[in-house]
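These are my notebook entries on a structure that I looked up. I ask the reader to keep the sequence and the 3D view at hand.

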Amino acid sequence: MKKRQQQDRTVNAAVKNTNENRSGVKTFKGPGLRKENIPNPKHKRNKWRNIRWAILLFFNVLFFASFYFDIQVLEGSLSASRLLGFHLIDPFAAIQVILSSRILMVNLVIGTVTVFIIYIVLGGRTFCSWVCPYHWLAELGEKINLFLKKRKIVRSHSFDRKFRYLFYALFLILALITGFTVFETINPVSAISRSIVYGPSLLLIWVVALLVFEILYSRRAWCRYFCPVGVSYQLIGLLAPLRVKWNKENCSNCKRCQNVCLVPHVLKDSVNKGTKEYVDSGACTRCGLCIDICDDEALEFSLKYLDKII
Amino acid sequence: MLRPPGALEEDRFLASCIKCGQCLQVCPPQVVELAGIGKGFAVGTPFITPRQGGCILCAGLPCVLACPTGSLDHALSEGKDAKMGLAVIKHPGSCLAINGINDIIFRLENRLADKANGTGNQSEAELLSDIAERLNNAENASFREKFSLTDLEPESVSGLAGNLSRRDIEWLLNFARTTEFSSMGCRICLDKCPIKDQKTIEFVKREPLLNRRHEKQDDDDDHEYKQGNHNEKRRHGHGRGHGRGYGRRRAHRMSLNHDNEYWPVVQSSCVGCGVCEEKCPTPVASIQIVPRLE
């Protein structure tokens, strides 16, 4: 309940800001065709977030239970696992291993291709918001960060988003040169996953340090600017048809979607410029927060290319 | 670090291990652990601590099959071909075989001392089943009579564990001293070795250790087969002295029959799985696994 209130406040603040900027005029500049916000009374505000958190919890508990209760459904951790015997391997870890060891194992290739196919169907960075346990912690961290920012306790800083690609290349080069999977040593995603499955390790200190950095210095810094695991899913996601669709007729240009979005730039071409019907697919994590917040019903999950056929 | 069977050489292992822990998940005796943050690049990689539990080289090698990256080489199909490490007699001074001491009697005495002090929790189940295994027919009967057992199946014997009073152990000790096996020196490293079709340890008759005291020898006992001068070793101590001294004191007192003193000589068929280190009854394992050098 409290969370909900807090979110409401954030939303109201967003609307108020826009209003103030327009000095009392209730129409906003933008490509959306609605003049004002007309909330759909049936709109459920936290629908997708609740589904997503349930699935995120489900997979991580499944990892835990597969070992702890020996139910053997999803064995391993997020860097590599077997789902009912089928190998699944994190693409970035797989590329590092291939570069550092120069061995091409059949299982490694099978696992990576399987993950590749799964996330082409499900939408690339869907992994981040629907499976990654660090993402969930970062979402909570983001709430704390926004709270502190509103109280003017912290100020926000941002980096260039291109850091991600730099990091990606850097760790691949390091793997090739050093012969160690350097990133896997500090990978917070697999560190958390291993801690969930095999019991906590001291590497969690690093994870906590990252979270503190995000809360006090830069909102969602790891996921936004650094995480190379996300970059590999982002590259897969470029091909994915599952996307967020923007409906011009329903949009009242309130920009609340960009306010809640982890990667607001993906919405730019649609809600700011109106040049694209679908939100950019690469960096978008398909988290559904924009859909949840949009009570104009201007945003929805959709299958690009396929929705025209069906 | 002792790696699971089939592990590539350390550098290549670190390069290829994806740190997923699947080898740990499928390990039937649950002896594989993941390295902590102190191990640098090796954080999250699997290893075995043989003293806590050695690899039993299970049929089919599930850990090797589970490995998605080939860090545990899939070319390995049988446990006996693994090259994990190598067992060496690290502390010959405390080794029961070298001192001609029977391991059952040694363990019962220790158990009794622990019971008196209220310390220690050695596995009584394992001790009892080891005793039951070695009894001949006549001894078998009196053992069953004492504990009113109908058979000596592992379940019924291990059922006694935990219920033994101090008197029971005293009885067992006296009983063990009368048995046929009591004159036999310790062979537990060989008995428990998971490789059965080849002899991994030969017990070689040598000149008794105690008669060699006057000989001047290298006192570095951290090498295989190098037996130190007893007095000198005691002076140097190495800090880990408690356990070793304990074993050696007992050795002096009990080593009456020099004909029992055999040197365990590790053969090249040893894969270094660590079961001998786990099962070695001396307080600090006399036989230990060292890295295998090509």
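The entries below record what I looked up, entry by entry.

**Entry on the model.** I note that this is a predicted model.

**Entry on the interface.** I looked up how chain B meets chain A. I found 28 residues of chain B in contact with 30 residues of chain A. The area buried between chain B and chain A is about 2400 Å², and carbon and sulfur atoms give 64% of that area. On the side of chain B, Ile18(B), Gln25(B) and Phe41(B) lose the most area to chain A, together 27% of what that side buries. I then searched this interface for salt bridges and found zero. Polar contacts gave another result: eleven residue pairs across the interface of chain B and chain A. Helix H1 (10–16), helix H2 (22–26) and helix H3 (62–66) of chain B each supply at least two residues of the side that touches chain A.

**Entry on the cysteines.** I searched the whole structure for disulfides and recorded zero over all chains. Why does Cys257(A) form no bond with Cys254(A)? The closest cysteine sulfur, in Cys254(A), is 6.1 Å from that of Cys257(A), so it is too far for a bond. Cys257(A) is buried, with a relative accessible area of 9%. In chain B, Cys27(B) is in no disulfide, and the nearest cysteine sulfur, that of Cys58(B), is 6.0 Å away. Cys27(B) is buried, with a relative accessible area of 10%.

**Entry on a hairpin.** In chain A, I followed strand E1 (residues 74–77) and strand E2 (residues 80–83), which pair in the antiparallel sense over four bridges. E1(A) and E2(A) form a hairpin with two residues between them. Within this pairing, I located Gly76(A) opposite Ser81(A) in E2(A).

Note on methods
Residues numbered from 1 in each chain as written. Chains lettered and ligands numbered in written order. Predicted model: local features only at pLDDT ≥ 70, side-chain atom pairs only at ≥ 80, totals over all residues. Heavy atoms only, no water. Pairing = 2+ DSSP bridges. Disulfide = S-S within 2.5 Å. Buried < 20%, exposed > 50% of the residue type's maximum accessible area, 1.4 Å probe, protein only. Contact = heavy atoms within 4.5 Å. Buried area = accessible area lost by both parts, 1.4 Å probe. Salt bridge = Lys/Arg side-chain N within 4 Å of Asp/Glu carboxyl O. Polar contact = N/O pair within 3.5 Å; in protein donor to acceptor, adjacent residues only side chain to side chain.
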